[in-house]
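Colleague: Could we go through this model together, one question at a time? I would like each answer to be reasoned before it is given.

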Amino acid sequence: MKDPLDKTADATPPSAPAPELIKAIPVRHYGRYVAAAVVLTLLALFANAVANADLRWASVGDFFFDDQILEGVKNTIVVSVLAMLMGLVLGIVLAVMRMSKNPVTTTVAWGYIWFFRGTPVYVQLLLWFNLALIFPILNLGPIYKDEMTDVMTPFMAALLGLGLNEAAYMAEICRAGIQSVDEGQTEASHALGMTNAQNMRRIVLPQAMRVIVPPTGNEFINLLKTSSLCAVVMYEETLRKAQNIGNNSGAVVELLLVATLWYLLITTVFSIGQYYLERRYARGTSRQLPPTPWQRIRRNLFTVGRGTGSEVRGA
Amino acid sequence: MTAMVKAEAVHKYFGHVQVLKGIDLEVRAGEVFCIVGPSGSGKSTFLRCINHLEQINAGRLYVDGTLVGYREKHGKLYELRDREVAAQRRDIGMVFQRFNLFPHMTARENVMEAPVQVKGTSKREARDRADQLLDRVGLGDKRDGYPAQLSGGQQQRVAIARALAMDPKLMLFDEPTSALDPELVGEVLDVMRDLAQDGMTMVVVTHEMGFAREVGDSLVFMDDGVVVESGSPRQVLSDPQHERTKSFLSKVL
């Protein structure tokens, strides 16, 4: 049966001879060979230098799973996660304050962001840590009263320093995310009888997340690395632990390498987590998401089981 | 017949620009009321005033006998709270030119959202109703698709189903086919025609004169913020009385 409207059949008549394929000599990119050679030479020189360095690789291995180091890594993750949560919650509050119609809240939010983005986090950490010098007693009226030195432990100084600083950055990220959502979405939800709060929670924020998540992931990875500054307020995180052991054992660079590898490991793990989180909030935005590495592996296993792959193996 | 929408000398300003210069009209319950006119004539703005997406600056606007957006007490007008405005909008469905479906939800979730969140309908009930409505607009097989996976005409039909899920007593259509490819216009008009036959009160801002003539019960021609001419669609479209109506129709028909 031939569809009279179907012209595709006539487009390539079967009798047409196969065209002769072009066999041209490709352009030689000599510049690429030169560049590759230069880079490889430099790499070789670098590898040679490292190999001949006075480094005791064995100590790197010995100390990698040292209890002290592991505790430092745990502390790094704990303070980073808590500071990020603090930054996220406070950041959303600041973003909403910044976008409100109330001039007081708008100005206060602006001032907060101005201060915390305008000063180095290193200075902020020192300020929190030394708060007891100007406020010896923490007095919250009838609720709480204590010596400041008891409250402002290294952990608290680290958490406040990182978290409050992070909130300023998160506020701007959240604001950008919320403002990126098309106004038609709010109109549609209002027209359906949803209140402002419902609109924000059900319609705007889930869509804003797509814009908020990627920079937030970057922020978190930045925060993990910035947390090494907490060594200055005596917080026992990865770097400080590594430096302690390094100074005592004399293996200074070896322990710095241990810290380096741990930071790389942690940031890699969280980057993978971020990849999956971004996919989740990309729902509905592209017609078909590319498969994750894990899905690819599973699909390959599945097709092998179905026999497509076994033919190859049997051949 | 009672008036579903009643506008009395409705004025609207955007800054110093006067967009509506005293609109008086009445939409009877159960009728299809078409508003036509050149772009910038204020017809979409007027439609958006009916469910208080825009606030009017003078005059009065009633839906089903209730003042829109305000409470009148002892001769004074009080603005309604966010929650009260939301409650007024529940019974008024709206379909937008650009669909405005929620892109992070499937077609079915789009239709379920308002009944579950606003009315507190159980999920199971809302899902059954959503499937029913999607069947009605001919999209029973697309219920799990996200808006980005649907054509413009399909998206607009989902949007109509979403508005119907709240069982509105009035439906507002803001140029529902203007953003569609020509071959997709028909499927949306079919759904609207079907709704009209069911007796839904509809206010339709449109450029589809054929639809207005065939389905409409009343028609107004607006230009420059005023109602220039009104009557039955057949009468206004075939035998316009005013110069402005004539020149507009000569361009679009």
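Modeller: A definition is needed before we start: a residue is called exposed when its relative accessible area is over 50%, buried when it is under 20%, and partly exposed in between. Please keep in mind throughout that this is a predicted model.

Colleague: Is H74(B) buried or exposed?

Modeller: H74(B) belongs to the loop between strand 6 (70-73) and strand 7 (76-79) of chain B, and its phi is near 50°, a positive value in a residue other than glycine. Its relative accessibility is 77%, and the cut-off for the upper class is over 50%. H74(B) therefore counts as exposed.

Colleague: F99(B) also has a positive phi although it is not a glycine; is F99(B) buried or exposed?

Modeller: The phi of F99(B) is about 65°, and the residue is found in the loop between strand 8 and helix 3 of chain B. Its relative accessible area is 9%, to be set against the limit of under 20%. F99(B) is therefore buried.

Colleague: Turning to the sheets, which strands stand at the edges of the open sheet of 4 strands in chain B?

Modeller: The strand order in this sheet is 2-1-4-5, with antiparallel pairing. An edge strand has a single partner strand, so one side of it is left without a neighbour in the sheet. The strands placed in this way are strand 2 and strand 5 (66-67) of chain B.

Colleague: Over how many bridges does strand 1 of chain B pair with strand 2 of chain B?

Modeller: Strand 1 covers residues 3-14 and strand 2 covers residues 17-28, and the two run in the antiparallel sense. One of the facing pairs is A3(B) with R28(B), while in the hairpin, which has 2 residues between the strands, G15(B) takes a positive phi near 65°. The pairing of strand 1 with strand 2 extends over 9 bridges.

Colleague: And over how many bridges does strand 1 of chain B pair with strand 4 of chain B?

Modeller: Strand 4 comprises residues 58-63 and is antiparallel to strand 1. In this pairing E8(B) stands opposite R60(B), and V5(B) has V63(B) as its bridge partner. The number of bridges between strand 1 and strand 4 is 5.

Colleague: How far apart in space are G59(B) and A9(B), C-alpha to C-alpha?

Modeller: G59(B) is placed in strand 4 of chain B, where it counts as partly exposed at 25% relative accessibility. Leaving aside residues up to four places away in sequence, G59(B) touches E8(B), A9(B) and V10(B). Although G59(B) and A9(B) are 50 residues apart in sequence, their C-alpha atoms are separated by 4.7 Å.

Colleague: At about what angle to strand 2 of chain B does helix 1 of chain B run?

Modeller: Helix 1, made of residues 43-50, lies across strand 1, strand 2 and strand 4 of chain B. Its direction relative to strand 2 of chain B is about 60°.

Colleague: Which strands are the edge strands of the open sheet of 6 strands in chain B?

Modeller: This sheet has the order 8-9-10-3-11-12, with mixed pairing, and the twist averages 20° from one strand to the next. Within it, strand 11 (residues 218-223) and strand 12 are antiparallel over 5 bridges, and M222(B) has V227(B) as its bridge partner in strand 12. The strands that pair on one side only are strand 8 (92-95) and strand 12 (226-231) of chain B.

Colleague: In chain A, how many of the 23 residues of helix 2 are buried?

Modeller: Chain A has 14 helices and 2 strands, and 34% of its 315 residues count as buried. Helix 2 (residues 30-52) should span 33 Å at 1.5 Å a residue, and its end C-alpha atoms are 33 Å apart, which agrees. Helix 2 lies largely in the open, because the number of its residues that are buried is 0.

Colleague: Finally, what is the handedness of the crossing of helix 10 of chain A and helix 3 of chain B?

Modeller: The axes of helix 10 (residues 196-226) of chain A and helix 3 (residues 107-119) of chain B come within 12 Å and cross at roughly 145°. The contact is made by Q198(A), R201(A), R202(A) and I203(A) on one helix and by E113(B), Q117(B) and V118(B) on the other, and by class it has 2 nonpolar, 2 polar and 3 charged residues. The crossing is right-handed.

Methods:
Residues are numbered from 1 along each chain as its sequence is written. Chains are lettered from A and ligands numbered from 1 in the order in which they are written. This is a predicted model: local features need pLDDT of at least 70, side-chain atom pairs count only at pLDDT 80 or more; totals for chains, interfaces and linings use all residues. Side-chain values use heavy atoms; hydrogens and water are left out. Two strands pair if DSSP finds at least two bridges between them. The expected span of a helix is 1.5 Å times one less than its number of residues. Buried means under 20% relative accessible area, exposed over 50%, partly exposed in between (1.4 Å probe, protein chains only). Axes are lines fitted to C-alpha atoms, for helices over the stretch in contact, and angles run from 0 to 180 degrees between N-to-C directions. A crossing is left-handed if the near helix is turned anticlockwise from the far one by less than a right angle, and right-handed if clockwise. Contact means heavy atoms within 4.5 Å. Ala, Val, Leu, Ile, Met, Phe, Trp, Tyr, Cys and Pro count as nonpolar, Asp, Glu, Lys and Arg as charged, and the others, Gly among them, as polar.
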